[in-house]
Amino acid sequence: MKEITQKVQHMFAELGDSQYGGEAVSQLEHALQCAQLATDEGVSAELIVASLLHDIGHLLHALPDDAPEIGIDDMHENLAKAFLDRYFHEAVTEPIHLHVNAKRYLCNRETGYQAILSEPSLISLALQGGPMSEEECLIFEQNPHFHSSIQLRKYDDAAKVPGLQVLPLEHYLDLIENTSL
């Protein structure tokens, strides 16, 4: 078994039960729901793994669960990218790195998007810079990982259902192995 697979298993075993940023699901439940949504859509293995691991940055810091409520942006997308760059190609790490900016983008570009965000997502949005400006949107649209980051963001927004039955972490271990460096 590769090092990254062991690390992912360990991190979710140790910290996966922690609350997912004020939502009604745990970090692990959220990750598995994201991966399930990606799997159900039949996207690439890389995007499924990115969906599973997109918020792993929340497990890489020692900030309290309520950090956003007390005005702290944990910058989890940057922590995740820095950690995962050692193990995966950009097809996995860049959508993860960009999923926060994808939220900011969608708030500008998609009518009604901001209204569907949960209260914790709105709090983090304010800490993350709010909706993108028109200039930021145009630049973001040029990123080669733009489309996959938007897909990941939409899975992220939908993956907050308490008690939802999904595939277990073990289902994704071979996929993690096969997409890692």
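**Exercise 1. Find which exposed residues sit on the face of α7 turned away from its buried side.**

Step 1. Start with the outward face: Glu-119 and Ala-126 are the exposed residues there, where exposed means over 50% relative accessible area, buried under 20%, and partly exposed in between (1.4 Å probe, protein chains only). The model is a predicted one, in which local features need pLDDT of at least 70 and side-chain atom pairs count only at pLDDT 80 or more, while totals for chains, interfaces and linings use all residues. Residues are numbered from 1 along each chain as its sequence is written, and side-chain values use heavy atoms, with hydrogens and water left out.

Step 2. Now turn the helix over: within α7 (residues 119–127), the buried residues are Pro-120, Ser-121, Ser-124 and Leu-125. They lie on the same side of α7 because they cover an arc of only 140 degrees around the axis, the arc being that of the directions from the helix axis to the C-beta atoms. Helices here are DSSP runs (H or I, at least four residues), numbered from the N terminus.

Step 3. Look for the packing partners: α5 (90–109), α6 (113–116) and α9 (146–158) pack against the buried residues of α7.

Step 4. Finish just past the helix, where Gly-129 has a positive phi of about 110 degrees.

**Exercise 2. Work out why Lys-81 counts as buried, and which side chain it joins in a polar contact.**

Step 1. Locate Lys-81 in helix α4 (residues 76–84).

Step 2. Check its accessibility: Lys-81 counts as buried because its relative accessibility is 16%.

Step 3. List the neighbours: setting aside residues up to four places away in sequence, Lys-81 touches Thr-93, Glu-94 and His-97, with contact meaning heavy atoms within 4.5 Å.

Step 4. Pick out the polar partner: the side chains of Lys-81 and Glu-94 are joined by a polar contact of 2.9 Å. Such a contact is a pair of N or O atoms within 3.5 Å; within protein, one must be able to donate a hydrogen and the other to accept it, and residues adjacent in sequence count only if both atoms are side-chain atoms.

**Exercise 3. Is Ser-180 buried or exposed, and what does its side chain reach?**

Step 1. Place Ser-180 in the segment after α10 (173–179).

Step 2. Ser-180 counts as buried, because its relative accessibility is 9%.

Step 3. Beyond its neighbours within four places in sequence, Ser-180 contacts Lys-2, Ile-4, Tyr-87 and Phe-88.

Step 4. Follow the side chain of Ser-180: it makes a polar contact with the side chain of Lys-2 at 3.1 Å and reaches the backbone oxygen of Glu-177 at 2.9 Å.

Terms used
Helix = DSSP H or I, 4+ residues; strand = E, 2+ residues; numbered from the N terminus.
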